[in-house]
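Open the model in your viewer and keep the selection panel at hand. This tour moves from one selection to the next and says what to look for at each stop.

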There are 2 protein chains.
Amino acid sequence: MIEVVAPTTVAFASANTVAEVAAAIGDPVRAAMLVALMDGRARTAGELAALGGITAQTASGHLARMVEAGLVVAEKQGRHRYVRLVDPAVATVLESLMAVAAIAPPRHRPTGPADAALREARTCWDHLAGRLGVALADALARDGRIVLADGAALVTDVGEAFFCDFGIDLGRPPASRRPLCRACLDWSERRPHLGGRLGAALLARFRELGWLVPGPRDRALRLTPRGRSGFAESFGIEVSRAPT
Amino acid sequence: MIEVVAPTTVAFASANTVAEVAAAIGDPVRAAMLVALMDGRARTAGELAALGGITAQTASGHLARMVEAGLVVAEKQGRHRYVRLVDPAVATVLESLMAVAAIAPPRHRPTGPADAALREARTCWDHLAGRLGVALADALARDGRIVLADGAALVTDVGEAFFCDFGIDLGRPPASRRPLCRACLDWSERRPHLGGRLGAALLARFRELGWLVPGPRDRALRLTPRGRSGFAESFGIEVSRAPT
DNA sequence: GCGATGGTTCGGTCGGGACCGAAGCGTCGC
DNA sequence: GCGACGCTTCGGTCCCGACCGAACCATCGC
């Protein structure tokens with residue numbers, strides 16, 4: 001018997017605070033900073049200022065506002081101040097905003113060469129996104145290693161054995177309540193890729209194997225020749241045009 | 001063999017457009033309007049103006065901006081202008097914003113009586129959310145009718161038969177690409193409830209059976225005495241304190 | 001100690017946008 | 001036709017916030 005208990009004193013978010021959070025994202029410079037932080041890594045205030053093309057003092061104001069809104073946290077380390085997203089939920093907001101922005105009528109939207117690399121393969125929080133990420137989810141589902149139905153994702157028994165062979169230990173640490181395997185909507189492909197602990201472990205393993213190397217500054221990932229053959233052999237994924 | 005094809009000409013969302021969409025949400029009045037539209041129903045411009053406590057001409061400006069940002073669509077009908085969310089993806093953004101707002105440190109956040117009713121049971125786009133929605137998902141999972149693992153949700157064979165008995169036809173209309181059953185994070189409970197086609201069908205059936213009746217203006221749902229016993233008998237859900 | 005570096009605070013400018021009053025336009029009811 | 005109604009456009013006010021220059025504070029290397 002599941003009982004619905006009386007109202008708790010949980011914090012309640014009214015429509016006003018939705019506006020506050022949205023407004024804190026709704027500035028070109030701040031949005032760029034947040035997107036840059038989506039890979040989960042922390043950056044210094046100076047890096048973020050340079051990224052936004054603004055002076056340090058303006059960036060300081062932006063950061064203060066985002067801290068106030070509960071989007072990022074900052075911790076001092078020596079004379080640097082490292083900033084990171086406060087929670088994966090923030091990355092989720094950004095992804096969903098991108099999805100809505102992608103629906104909107106494509107007005108004058110200049111797409112540069114960096115965009116192409118991002119569409120190809122990038123990190124989403126700590127897992128793999130982009131065309132390669134979607135293809136990976138498709139391949140795993142095709143081979144019965146995961147079930148990818150209706151936006152949901154589950155690891156099968158076959159899959160568990162496979163991932164173990166591939167060098168990923170899915171033994172669940174009791175401390176972590178993080179979902180094992182989450183279907184995360186890819187904003188550029190409009191189809192799901194794999195998130196959660198499995199998604200993170202897969203990306204970590206790919207980097208360990210030297211299949212993917214991170215870009216210098218942005219979230220783009222570069223596929224190495226070894227990765228090219230690796231994805232083909234282990235997952236049956238043929239990348240038609242390798243990004244150079 | 002799954003092939004990753006060369007880049008398509010899909011519309012690309014840069015960080016700037018994320019800011020545009022977020023800024024279009026990031027005003028207290030506009031956010032309140034959008035939240036009011038989250039049930040998927042359309043409202044007239046005048047209703048939304050009254051809801052925000054502003055004059056008609058100011059509301060007109062807000063609506064124009066939200067249309068421009070691709071958040072809502074408006075269609076004229078006689079001398080009224082009906083406004084609705086452009087896509088469920090917009091509701092997803094709002095839900096995720098609420099989730100982030102709920103994480104943020106609970107500052108002076110006055111919670112009124114309407115909030116309590118909303119926490120109890122409400123519509124989320126077109127399905128059931130709130131404590132009752134979360135309890136329903138829990139109960140269905142406990143009875144093996146769905147599998148609710150790691151934020152994912154799948155209907156079992158047992159469940160399919162049960163839902164059929166309950167008066168819900170899950171035969172998939174080929175035209176609809178909408179997920180059958182989606183785990184939707186409940187912002188007030190921080191736990192998943194059921195969305196997708198199944199979630200929508202369940203709520204529709206509950207209203208058909210007279211178990212739940214919609215509130216006059218907001219998204220709150222009221223549990224009827226019949227619903228109280230119905231939820232107990234069919235799902236084993238005991239609501240400890242019925243909202244009057 | 002002293003300068004260099006990273007970051008913040010203060011003061012001031014300036015543009016965008018939220019708001020309303022008034023006027024204009026289309027639709028409905030009579 | 002005529003007024004009532006729903007909504008938009010125009011013009012104007014006002015305030016918030018994004019930005020920078022300058023000064024200030026903390027830390028590091030020496």
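**Stop 1: DNA strand D**

Select B:Arg79 together with DNA strand D. A polar atom in the side chain of B:Arg79 sits 3.4 Å from a base oxygen of that strand. Bear in mind throughout that this is a predicted model.

Now turn to chain A on the same strand. The side chain of A:His62 places a polar atom 2.4 Å from a phosphate oxygen of DNA strand D. Add A:Thr58: one of its polar side-chain atoms is 3.0 Å from a phosphate oxygen of DNA strand D.

Widen the selection to everything around DNA strand D. There are 20 residues, and the nearest are A:Gln57, A:His62, B:Gly46, B:Ser60 and B:Arg81. Which parts of the DNA strand face them? Sugar or phosphate supplies 73% of the strand D atoms within 4 Å of the protein, and bases supply the rest.

Colour by element next. At least two residues each come from H2 and H4 of chain A, and from H3, H4 and S4 of chain B. H4(A) contributes the most to this surface, with 4 residues. Then colour by class: the surface near DNA strand D holds 10 polar, 6 charged and 4 nonpolar residues.

**Stop 2: DNA strand C**

Hide strand D and show DNA strand C. It is surrounded by 20 residues, with A:Ser60, A:Arg81, B:Arg30, B:Gln57 and B:His62 the closest. Of its atoms within 4 Å of the protein, 71% are sugar and phosphate.

Pick out three side chains here.

- A:Ser60 has a side-chain N or O atom 2.9 Å from a phosphate oxygen of DNA strand C.
- B:Arg30 has a side-chain N or O atom 2.9 Å from a phosphate oxygen of DNA strand C.
- A:Arg79 has a side-chain N or O atom 3.2 Å from a base oxygen of DNA strand C.

Several elements give two or more residues to the surface near this strand: H3 (45-52), H4 (56-68) and S4 of chain A, along with H2 (28-36) and H4 (56-68) of chain B. Which element gives the most? H4(B) does, with 4 residues. By class, the surface near DNA strand C has 6 charged, 4 nonpolar and 10 polar residues.

**Stop 3: a helix pair in chain B**

Select H2(B), then add H3(B), residues 45-52. Look at the crossing. Their axes come within 9 Å and cross at roughly 125°. H2(B) and H3(B) are therefore oblique to each other. The crossing of the two is right-handed.

**Stop 4: the sheet of chain A**

Move to chain A and show strands only. Three strands make an open, antiparallel sheet in the order S2-S4-S3. S2 (43-44) and S3 (72-77) are the edge strands; each has a single partner, so one side of each lacks a neighbour in the sheet.

Start with S2(A) and S4(A), residues 80-85. They run antiparallel and are joined by 2 bridges. Label A:Arg43, which is opposite A:Val83 in S4(A).

Keep A:Val83 selected and look across to S3(A). S3(A) and S4(A) also run antiparallel, joined by 6 bridges. Here A:Ala74 is the residue opposite A:Val83.

Finish at the turn. What is the phi of A:Gly78 in the hairpin of S3(A) and S4(A)? Its phi is positive, near 65°, and the hairpin has 2 residues between the strands.

Notes
Residues numbered from 1 in each chain as written. Chains lettered and ligands numbered in written order. Predicted model: local features only at pLDDT ≥ 70, side-chain atom pairs only at ≥ 80, totals over all residues. Heavy atoms only, no water. Pairing = 2+ DSSP bridges. Near = heavy atom within 4 Å. Polar contact = N/O pair within 3.5 Å; in protein donor to acceptor, adjacent residues only side chain to side chain. Nonpolar A, V, L, I, M, F, W, Y, C, P; charged D, E, K, R; others polar. Axes fitted to C-alpha atoms, helices over the stretch in contact; angles between N-to-C directions. Parallel < 35°, antiparallel > 145°, perpendicular 65-115°, else oblique. Left-handed = near helix turned anticlockwise from the far one by under 90°.
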